[in-house]
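Please open the model in your viewer and keep the sequence panel beside it, as this tour moves from one selection to the next.

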Amino acid sequence: MKVPSPHTLSDEELLQLHRTNSDNYWLGQLLQRYTLLLLGVAMKYLKDKEQAQDAVQQIFLKALTQLPAGEILNFKGWLYILMRNHCLQLLRHAGTVRADHLEYVDSIDEPDDIPWKKYSVEELSAALADLQHEQKICIVLFYLQQKSYQQIMEHTSYTFAQVKSYIQNGKRNLKAILLKKHTTGRPNE
Amino acid sequence: MSELNDIGQPNQGDRKDKLSEEQLLAYLEGKLSPAGQHEVEQWLAKEGMESDALEGLQDIPAAEVKHTVGRINYQLHNDLGKKKRKRRYISDNKWAWIAIIVILLLVVLGYAIIRLSVKI
C-alpha cells in the first residue's frame, strides 16, 4: 500500500493515521507543523528562549504520552490551550504571577464572529468615532490605509506591542459599540 | 469610506486559512513587502495562536528562530526514534522466542538420544 506524504494530509488525517496504526511517526509529523507557533506562544509568556524551547519539548512529550483517547475536533486549538496552560503553570510555580491572576483556558474564542457586513458605513463611522484616539488611529491606518505595523510604528512612534494592543482592543471595542447600538435600537437613527 | 466594511474581513484574494511557516519566517526576517507584512499582520489583529506566536517570536533574533525550531524538531524525532526502537524490540522478538524454543527442543532431543544410547 502506498504511504501518503504527511505534507498532503490534514491535521485530522494525520491524527487518524496515528490512531489507526498506533504509529507515533504521524503524530510527530503533526506536532512538527506547530513547532514555530508553539515556540512563539511560549516566548510570549516565558520571555526566555531556553525556557520556551524546553516548554515546547515538554508539550510534545505530553502530546505523545497523554493524547486524549477521545476525538479532538481542533488539534491546533487543543495544542494552543495545552501550551498556554503549561506556560501559566510554569509562571505560577516560578512565582512570577499570583495564582489568582492566572487565567486558565479550556476553550478558544471564535475570532471575528461579528458580521461586519451587516452594518452600514455610517454605523461603522459612528462607532469608530467613539473609540479612544490611539485605537482609532491604529484601526484607520491598519484597516483603511492598509499600512503594516512597521509603517504604523514609524507614523505614530508607538511600539510594536502598543500597535498590536490598540488594534486588538480597538477591534474588540468597535464590536462592543456596534452590538450595543444594535441592541438598544439604533439610537443614532 | 466603503473600506470600513472591510474591518475584520479578509483582503479579497490574498487571505489564507493558515499562516504558513515560510510566510511567518519571511515576516520575521523582514523579507516581505509592506503588503506582505500587512497580510501576515492580519493574524496579529486577531486573538489566537498566531497572534500570540507572532508577538512572542519578535523577542527572538530572526536568525535564531529557524535554528531553534530545527533543534526542537530534531529532538522530537530523536524521542520518536527511541520509542520506535523500543517498540520494535518488543514486537520483533517472536524470532527470539522461536530460536529459544528450537534450541530447547534440540537440547531435549539431544538429551533423549544420549539417554537412549546409554541404555542400549
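Begin inside chain A, in a model that is predicted, by selecting helix 6 and helix 9 of chain A, whose axes come within 9 Å and cross at roughly 125 degrees. An angle of that size makes helix 6 of chain A oblique to helix 9 of chain A, and the crossing of the two is right-handed. Show side chains for E123(A), A127(A) and L128(A), which helix 6 of chain A brings to the contact, and for L174(A), I177(A), L178(A) and K181(A), which helix 9 of chain A supplies. Sorted by class, the residues of this contact of helix 6 with helix 9 of chain A are five nonpolar and two charged, with no polar residue.

Now colour chain A by confidence, and you will find a mean pLDDT of 84, with 84% of the residues at 70 or more. Helix 6 of chain A, where the tour began, has the lowest confidence in chain A, at a mean of 86, whereas helix 3 of chain A has the highest, at 95.

Zoom out to the whole of chain A, which comes to nine helices and zero strands. Of its 189 residues, 30% count as buried. If you take the contacts in chain A with a separation of 6 or more, 53% of them are accounted for by residues 24 or more positions apart.

For a long span, select R92(A), found in helix 5 of chain A, and draw a distance from its C-alpha atom to that of L124(A): the two residues are 32 apart along the chain, and the separation is 41 Å. R92(A) itself is partly exposed, with 13 to 19 neighbours being the range for that class and 16 other C-beta atoms within 10 Å in this case.

Two loops of chain A deserve a stop for their backbone angles. In the loop between helix 3 and helix 4 of chain A, select K47(A), where phi is near 55 degrees, a positive value in a residue other than glycine. K47(A) is partly exposed, with 13 other C-beta atoms within 10 Å. Then move to the loop between helix 8 and helix 9 of chain A and select S157(A), which is not a glycine either, yet has a positive phi of about 65 degrees. S157(A) is exposed, with 8 other C-beta atoms within 10 Å.

Next, bring chain B into view; along this chain the elements run α-α-α-α-α from the N terminus on, that is, five helices and zero strands. Of the 120 residues of chain B, 22% count as buried. Coloured by confidence, chain B has a mean pLDDT of 81, and 77% of its residues reach 70 or more. Among the elements of chain B, the lowest mean pLDDT, 79, belongs to helix 4 (residues 62-91), and the highest, 92, to helix 3 of chain B. Over residues 10-15 of chain B the pLDDT is below 50, and this stretch has four contacts in the model beyond near neighbours in sequence, so please read its placement with care.

With both chains displayed, select the interface, in which 48 residues of chain A are in contact with 41 residues of chain B. The largest share of the side of chain A that touches chain B, nine residues, comes from helix 3 of chain A. By class, that side of chain A has 25 nonpolar, 13 polar and 10 charged residues. For the model as a whole, the scores are ipTM 0.78 and pTM 0.74.

Finish where helix 3 of chain A packs against helix 3 (residues 49-57) of chain B, at an angle of about 65 degrees and with the axes 7 Å apart. The two helices are therefore roughly perpendicular to each other, and helix 3 of chain A passes helix 3 of chain B in a left-handed crossing. Select L37(A), G40(A), V41(A), A42(A), M43(A) and K44(A) on one side, and on the other M49(B), E50(B), D52(B), A53(B), L54(B), E55(B), G56(B) and L57(B), which they meet. The residues of this contact divide into eight nonpolar, two polar and four charged.

Definitions and conventions
Residues are numbered from 1 along each chain as its sequence is written. Chains are lettered from A and ligands numbered from 1 in the order in which they are written. This is a predicted model: local features need pLDDT of at least 70, side-chain atom pairs count only at pLDDT 80 or more; totals for chains, interfaces and linings use all residues. Two residues are in contact if their C-beta atoms, placed from the backbone, lie within 7 Å. Helices (H or I, at least four residues) and strands (E, at least two) are DSSP runs, numbered from the N terminus. Ala, Val, Leu, Ile, Met, Phe, Trp, Tyr, Cys and Pro count as nonpolar, Asp, Glu, Lys and Arg as charged, and the others, Gly among them, as polar. pLDDT is the predictor's confidence in each residue, from 0 to 100. A residue is buried if 20 or more other C-beta atoms lie within 10 Å of its own, exposed if 12 or fewer, and partly exposed in between; C-beta atoms are placed from the backbone. Axes are lines fitted to C-alpha atoms, for helices over the stretch in contact, and angles run from 0 to 180 degrees between N-to-C directions. Angles under 35 degrees count as roughly parallel, over 145 as roughly antiparallel, 65 to 115 as roughly perpendicular and the rest as oblique. A crossing is left-handed if the near helix is turned anticlockwise from the far one by less than a right angle, and right-handed if clockwise.
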